[in-house]
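Here is an informal walk through one model, written for someone who would rather look at side chains than read coordinates. Keep the viewer open as you go.

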Amino acid sequence: MPRLMLHLHSLLVQEQRRLVLWAPVGLALGAVLYFGLLRTEPSLLEGFVLPCGMVVLASIAAWRTRYSLWGRLLWGGCITVALGFAAAWGGTHRHTPMPDLPRFATEISGIVQAIALLPPADGTDVPFERRVDLAQAVFHNVLDEGMPPLRRVLSIYLQPNDSVSLQAGDHLNVKALLQSPPFPALPGARDRQFEAWFANQAGSGRALGHVQLVAMGQTGHGHKLQLWFENLRERINTRIHTILPGPEGGVAATVLVGASETVEKQVREDFAASGLAHLLAVAGLHLGIVMGLVMVASRLLLATTEYIALRWPCKALAALCAWSVGLVYVLLTGAHLPAQRSLFMAAVAVLGIAVGRRVVSMRGLAVAACVLVLCMPQVVMGVAFQMSMVAVMALVAGYEVLQPKLTRWRASTTGFGHWLVWHGAVLALTSVLAGCATLPVAMAHFGVIQPFFVVANMVAVPLMAVWIMPLGLLAVGFMPLHMDVPFLWLMGAGIRPVIWLAHIVAHWPAARVAVPHMPGWGLLAVMLGLSWICLWRQHWRWVGCAGLVLGMASPWLLVQPDVVISPDGGLVGVRDSGKVYVIGQSRAQRPIMQAWGQYFAQPVEMFPPEGEAPDGALTCGAEDTPDTCVALLRGQEVVVRRQDALDGRELLPADICTGADVVISTAPLRASCLNVPIRLDRFSAWENGAEAVFVHQSKNVVRTDRAWRGQRPWVLKPGGHGMPVLPLAPSE
């Protein structure tokens, strides 16, 4: 043991200059501890005061043991984890509580914050559906009369035939039916209430009538710059779709103004299956292309004047000009999280150019990650942050190792053929490094593996860099002069082969391999394993492969539930013979079935009212109980009542209850099957959310969403109720 500790100490001494790179990992672990492991919300003392006190005490201890490597490791880790925990608590409580939305059609007034065009579901002949985000919304009904304006945003889907002209800043009235953010489809699945809490969303709704425009051009409490960019985005988006009305227009609008919602569903699925989904998410690739083009143009322009070229720092000035244009591009595309992360890293790179340091480094990535986690700690739970960070981390670490060999190879190449081969090899290497690093993260969040991503990216990325984006920038620049049509047409000509390539690759055999749900600990093992491989330089870095392999194998190590129940209790899914058979009906039937299919990586289909599974384990529509199904799973009998016109007032037959181990009903069970160990019905789903039943010969286990997520600020009360919207006190 002493020899092992001595050897470990020797390795850490050799890596001590890279210990600081683990600071964002500690911050992220503190945030994960707060968001993922707690089941009850800590108080101000437990969530903020005590972690801050720990930071102070650990800082003192770290200073006293600053000459001890183990002391710096221990107390430095405590500081970062406590800071991440405190930042997560503070970031959560900066947001206002979820409001309790009306359960009936309500007149709503508010200020348009943003407008989104949604592609038609059944073809391009149908007009685009519009979605407006309303800020400062007020409900006009008897119960909510006199309420203060909501501090969260409502998303309202307008009627397709509503032709009223809207722009950001307009004040409008509309009658709509609202709904709160949905509960997870099953325990451990995607939590849209968590996402809505940090996105400042209150819910969504569908307009029941046409919009009434009350006032135009409201500034929305001084957000003039934001409204100006929103209106500019809307005008550019409309112009693009006027010139390029097909799927090319959706891709062009995505890369130029971030309007990814305009991409057709089939195109989006093809891009996802072929490994090109990152082209539809404005992030480091797009920002890098924009800044690279601007920097080259700026340096050429500065070099045209001899005085400037000889006396001014042209490289630093060009980098600053490129970053300024990149800032405008990020604001124009909506300032999404991946773009913000890329912009901050670009700022670090510009600073490095100005002071003569390395442009892209692991320290710059660590600084960007620390700032993001401290300012927006919820990002550690999101796919955008995880994929962007591991991709850049893998690229930086990979080129740190391979840069000497690539430099020697580049110096030895002569002629256009060798130059072309070298650039193709570098592009392939970049795709392999980024794709392999993000593959396990895509497994965890999307439940898929795209084995042909390298082939698609080898063609699509160069087209995006040398054809699509340059022409798009020229089109935006010439739009005020109404000279953008030829550039948009040529841009569309470059987008068409990318769409065709995505469609071809997506339909190759095994182009999209579905994998079961990855548990949280599996994703954590993957992230820690990737960090261990990328952040160290010695040979012991490859120990991280153990965590990587364990995390990627975790979907098949996890015991999957045998029966799942939707949050509203209307749908019951029974896993049998490699399929998920769905019984019942629900208003949210399609998204729930899609979520179940992704979770289990199995086909999901509706089970007929009268039928039998291929192996006979599931039977519905027996003669004496036509609305009841019986499933035999591992020697246990599960009874499911699929519908009941009498709302549970008619009791289930005694002979069915006698041999049942689990009874599930889409209606209230009331006094039915009182002696059955596990009874689940609509009332239990209303109280506990989605439920999952694990069938065992010894003991059946029920896991509920309420117990899984606990009592946290973003978890709505049973029935989807939030904080009541109280009226303002009457003025004197």
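What follows is a tour of some helix pairs, their contacts and a few single residues.

One thing up front: this is a predicted model.

## Three helix pairs

The table puts the crossings side by side.

| Pair | Axis distance | Crossing angle |
|---|---|---|
| H13 and H14 | 10 Å | about 165° |
| H15 and H19 | within 11 Å | roughly 25° |
| H6 and H7 | within 9 Å | roughly 155° |

Let's take them in turn.

## H13 and what surrounds it

Start with helix H13, which covers residues 362-375. Does its length add up? With 14 residues at 1.5 Å a residue, H13 should span 20 Å, and its end C-alpha atoms are indeed 20 Å apart, so the two agree.

Which residues of H13 are buried? They are Met362, Gly364, Leu365, Ala366, Ala368, Ala369, Cys370, Leu372 and Val373. These buried residues pack against five helices: H2 (23-37), H4 (69-93), H12 (337-355), H14 (383-412) and H18 (520-535).Now zoom in on H14. H13 and H14 pack at about 165° with axes 10 Å apart. That angle is over 145 degrees, which makes H13 roughly antiparallel to H14. The crossing of H13 past H14 is left-handed. On the H13 side, the contact is made by Met362, Leu365, Ala369, Leu372 and Val373. H14 brings Phe385, Met389, Val392, Met393, Val396, Ala397 and Glu400. Sorted by class, this contact has 11 nonpolar residues, one charged residue and no polar ones.

## H15 against H19

Next come helix H15 (residues 415-446) and helix H19 (residues 544-557), whose axes cross at roughly 25°. Are they parallel or antiparallel? H15 is roughly parallel to H19, because angles under 35 degrees count that way. H15 passes H19 in a left-handed crossing.

The residues that meet are Leu439, Pro440 and Met443 from H15 and Leu548, Met552, Pro555 and Trp556 from H19. By class, the contact has seven nonpolar residues, with no polar and no charged ones.

## H6, H7 and the burial of H7

Helix H6 (residues 224-243) and helix H7 (residues 247-257) have axes that come within 9 Å and cross at roughly 155°. H6 and H7 are therefore roughly antiparallel to each other. Is their crossing left-handed or right-handed? The crossing of H6 and H7 is right-handed.

H6 contributes Arg233, Ile236, Asn237, Ile240 and His241 to the contact. From H7 come Gly249, Gly250, Ala252, Ala253, Leu256 and Val257. The residues here divide into six nonpolar, four polar and one charged.

How many of the residues of H7 are buried? The count is 10 of its 11, so H7 is mostly covered. The buried ones are Glu248, Gly249, Gly250, Val251, Ala252, Ala253, Thr254, Val255, Leu256 and Val257. The cover over them includes H6, helix H8 (265-273), helix H9 (284-303), helix H11 (314-332), helix H16 (453-478) and H17. Just after H7 sits Gly258, with a positive phi of about 70°.

## Positive phi outside glycine

Two more residues are worth a click for their backbone angles. Gln136 has a phi near 55°, a positive value in a residue other than glycine. Gln136 is in strand S2 (residues 129-140). With 32% relative accessibility, Gln136 counts as partly exposed.

Ala510 is not a glycine either, yet its phi is positive at about 60°. Look for Ala510 in the loop between helix H17 (485-506) and strand S8 (513-514).

## Pro102 and Leu320

Where is Pro102? Pro102 lies in the loop between H4 and strand S1 (106-118). Is Pro102 buried or exposed? Pro102 counts as buried because its relative accessibility is 6%, and the cut-off for buried is under 20%. Leaving aside residues up to four places away in sequence, Pro102 touches Phe139, Asn141, Asp144 and Leu178. Take Asp144: Pro102 and Asp144 are 42 residues apart in sequence, and their C-alpha atoms are 8.6 Å apart in space.

Finish at Leu320, which is found in helix H11. At 45% relative accessibility, Leu320 counts as partly exposed. Leu320 and Ala493 are 173 residues apart in sequence and 32 Å apart in space, C-alpha to C-alpha.

Key: Residues are numbered from 1 along each chain as its sequence is written. This is a predicted model: local features need pLDDT of at least 70, side-chain atom pairs count only at pLDDT 80 or more; totals for chains, interfaces and linings use all residues. Side-chain values use heavy atoms; hydrogens and water are left out. Helices (H or I, at least four residues) and strands (E, at least two) are DSSP runs, numbered from the N terminus. The expected span of a helix is 1.5 Å times one less than its number of residues. Buried means under 20% relative accessible area, exposed over 50%, partly exposed in between (1.4 Å probe, protein chains only). Contact means heavy atoms within 4.5 Å. Axes are lines fitted to C-alpha atoms, for helices over the stretch in contact, and angles run from 0 to 180 degrees between N-to-C directions. Angles under 35 degrees count as roughly parallel, over 145 as roughly antiparallel, 65 to 115 as roughly perpendicular and the rest as oblique. A crossing is left-handed if the near helix is turned anticlockwise from the far one by less than a right angle, and right-handed if clockwise. Ala, Val, Leu, Ile, Met, Phe, Trp, Tyr, Cys and Pro count as nonpolar, Asp, Glu, Lys and Arg as charged, and the others, Gly among them, as polar.
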